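Please open the model in your viewer and keep the selection tool at hand. The tour proceeds through one chain and then turns to a contact between two others.

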Amino acid sequence: MNRTILVCCGTGCLANGSKGVADEFQRLIDQRGTDARVKCYVKRTGCNGFCENGPIVKVMPDDIIYYKVREKDVAEILDKTVEKGETVDRLLYRDDQGRPVKHQHENPFYAPQHKTALRNIGAIDPTRVEDYIAAGGYEALKKALAMTPAEIIEQVKRSGLRGRGGAGFPTWRKWQTAAEQEATPKYVACNGDEGDPGAFMDRSVLEGDPHTVLEGLAICALAIGAEEGFLYIRDEYGLAVRNVTTAIADAERHGILGDDVLGSGRRLKLSVVRGGGAFVCGEETALIASIEGSCGEPRPRPPFPAVKGLFGQPTVLNNVETLANIPVILKDGGDAFAAVGTEGSKGTKVFALVGKVKRTGLVEIPMGATLRHLIYDIGGGIQNDRPFKAVQTGGPSGGCIPAHMLDLPVDFDTLKSHGAMMGSGGMIVMDDRSCMVEVARYYINFLAEESCGKCTPCREGLRKMLEILTDICEGRGQEGDIQLLEQLGHTLQDSCLCALGKTAPNPVLTTIQYFRDEYEAHIREHRCPAGVCVKLTAFRIDADRCRGCTACARACPTGAITGAVKQPHVIDSSKCISCGSCREACRFDAVETEGRDAV
Amino acid sequence: MQIDMDEVLEILHRYPREKRHSLAIMQDLQHHFNYIPREGMEALAEYLECPLSSLYSMATFYRALSLKPKGKHIIKLCDGTACHIRGSVNLAGGIGRLLGIGAGETSADGLFSLELVNCLGSCALAPVMVVDDTYYGKVTLEKLPEILNKYREEAAG
Amino acid sequence: MTITIDGKRCTCEKGEKLLAVARRNWIPIPTLCHHESLPGQASCRVCLVEVVQQGRSSVVASCVYPVEDGIEVYTNSDRVRAERGMVLALLRKRAPDSQLIADMCRLYDAPDLDRVKVSVPGKCILCGLCVRACTELSVGAISTVNRGVTKEIATPYHEPSAVCVGCGSCASVCPTGAIEIVETADTRTIWDKTFRLVRCARCGEPIGTEEELAHAARKGGTEPDTLCERCRRRSMTDVLAATYGDRE
């Protein structure tokens, strides 16, 4: 039997050393050469999404999946699994009950997932167009070439697909508007400027399955009548830029893109534009300005880009994940796609489940699943079994959803009606040691730096909100601050020029709405209930609970903790910087926080 | 530092003389020199026949571009949300204590520059630090000296 | 088509901006960054109004909002007053030395915002009109620098510009008088650069900087002016008189 070894080479696994593992496989296979009874090859795939447990190695067709594989494990995998089809038990994942899990589909992290946008990732080599074609790639494009633009748009309309990048605008409407314009040339563009902290699904798709994005973009170009397109990708995503660039060149060489798309006589020229490092460029008019070679400052809409976009011409801009769904819709039909999901939100959504959750990674599930399902069933619950406090959805434009709303179904409209946002699908889980005021301050600080600074309320309003929030976190909060934050927030929502500013207050307004008592504790009692705000928190060790394991003393960056082995330890408050490393390190819950007099 | 204008011109001529390529050219200059030298900015303005002010505006707008020379090794400390709540700020403090630099600064020996960057999309490994192109996941204050010393020893020979 | 603004019916055409329609109908809407020759800036957000369309209400910037048939517009609703007041209050923290902003704050009941600090001293509200004027009408000597809360207007490297011609277009469009021009008998200083002033060959009035006149001449393909506007017209009359005068 021939076997294929799939080594995950997404950024996460690479960081964990997967390149060395893949090289070692290749080296040993070459060494064994033709003597080996089993023919096998190594394939370097894109991100499997379960990055925390990388490097991930899959052996096919046995479908045995190993985690945290090191170079020294390679020989054993070859001897046992590749040669004999046996498993190496110690490299298997352990489920919540501690049982070893042999197949990917039995793993509690993957089992409930429904992969559409991520369908090929982890199974194909993203740098080989042949792999994509073998997996049914570019068949949708072939199909689309035999259809009229109206027929293509009709399928997208039936699918109910809404933009996966943020606001959830119906994709077909953008296409329809651009298709109706008489002005030529028209352009298509892919928004790969994924900037939401905590979200990395676009990176994963661009790295792991670039051709699906190209195919989606090509179908869009057919529907609106464009012959040129751009993929705007964050420069920080080096591997994504390389893989997409390779994919374009390969597709052109195979006659899939270029001057004669699949022999149809149609022309489509795609190119990569590297982002300059500005979160605001995720906003479509700012992204257009950036491709044109200026500062990424948004401009007023209307006119919308579908009417007047890139270089003043009709332009459709779609997000990476949106485009990854298009080939599936064309191939299987819009109705099939719409069979999954909820009334207003069709299909699946990829979430980046991160933060203080046991299993972190990329998760694709049907729209409408509950937060509880996502966090507890797939994510395995909160790290160290601490209490769940909130989940932040939608990045800086989103909001914080508290524990009593865990049974909310996750879709565009439900999240929005609760002050949060789907955004690009970041899900940052927080426990009782996350301070909600500090989280709000963090986002406002992020946005104040990332605002383009063009309009008054965003530039000046965020500056003032940051000032107030910093005061609160440092014990200088005043009565009336909460109301003033709310007032400023409403002004930003109403009066900012672009979506960045209009949604910027969401993290503040939702944390005030759901965690008002935490704000009040900071302001009135100068106390940070979560023990995070440095100026309001002092740490001490409970002598009764301390076992003298020395873990805290080793973790302390300033040497403030002393104590003999098996004796209670003590924190020297004059050296303590309140970083909380000791509390994280302690396995006996002996490190406690208490208020401290603020400046 | 003396800037080799032939190198600047080689980078400029990779692209047609259109304003839309200004960002790409500046990124290439940045990659090559570790910053954008003034000579490069002025040559680019001439090449694209556009005001220097418009390029200066972009160079100060985009975070990927820098007008000041940077250290030999660039430490990108991720301060995305996942890293933030897993303690990236403490790491920034730790690096500060080890190297005597804050975010945006370069160490006195010119070896390191520290940048506090937005989400690097490796949240599952939070907190994440990238030195040049090497990713370090689940970094702790304990691990920091070991990581940084590697680069110091390398420089020492 | 017809819209109503504060209850008044106004006729207008597709594509017209709401602010223009209001002004034509003598309905005042305050603005700062709006300039007839440089439309569409939309950065100061002082011209906010409330628009109700099919029962849905939203706040928009009237200077760039294209009118649609049947909308109802309110220029002074509670919501408009609250948001406009807050925008002005924020501008006062940004430009504490501007008398105009202080006056507008008083006129439109802006909250005092004493709780927070002054952001930056000076008069500049960063509306960007000066950059537009310099780029579109002159040489592109200034631009916005940085972004977000650290944004400012400056010349490259904060040095006297190599290309500035000292025309003062930037200062003339500035709504708050934030750009300083210092003139002596024969010099003009702006953006830290000093220019020699040229005087009218006839009457001696200053007519501009040497660089400004040369720039205008290059653009127009003519010789630099030596006369002021008035004397140029008078000299035209003299020529005409000399040519045709005796036929009178």
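Two strands are said to pair if DSSP finds at least two bridges between them. The model on display is predicted.

Select first strand β3 of chain C, residues 48-53. Its antiparallel pairing with β4(C) extends over six bridges. Within this pair, highlight C:L48, which has C:A61 of β4(C) opposite.

Next, widen the selection to the whole sheet of chain C. Five strands make up this open sheet, and they follow the order β2-β1-β5-β3-β4, with mixed pairing. Which strands stand at the edges? They are β2 (8-11) and β4 (56-61) of chain C; each has a single partner strand, so one side of each lacks a neighbour in the sheet. View the neighbouring strands along the sheet: on average they are turned by 30 degrees against each other, direction ignored.

Now add helix α2 of chain C, residues 78-94. This helix lies across β3, β4 and β5 (72-74) of chain C, and runs at about 150 degrees to β3(C).

Finally, hide chain C and show chains A and B. To their contact, chain A contributes 46 residues and chain B 35 residues. On the side of chain A that touches chain B, select α1 (11-15), α11 (284-291), β11 (348-355), β15 (426-431) and α21 (551-555), each of which supplies at least two residues. Which element gives the most to this side of chain A? It is α1(A), with four residues. Colouring the residues on this side of chain A by character gives 19 nonpolar, 17 polar and 10 charged.

Methods
Residues numbered from 1 in each chain as written. Chains lettered and ligands numbered in written order. Predicted model: local features only at pLDDT ≥ 70, side-chain atom pairs only at ≥ 80, totals over all residues. Axes fitted to C-alpha atoms, helices over the stretch in contact; angles between N-to-C directions. Contact = placed C-beta atoms within 7 Å. Nonpolar A, V, L, I, M, F, W, Y, C, P; charged D, E, K, R; others polar.
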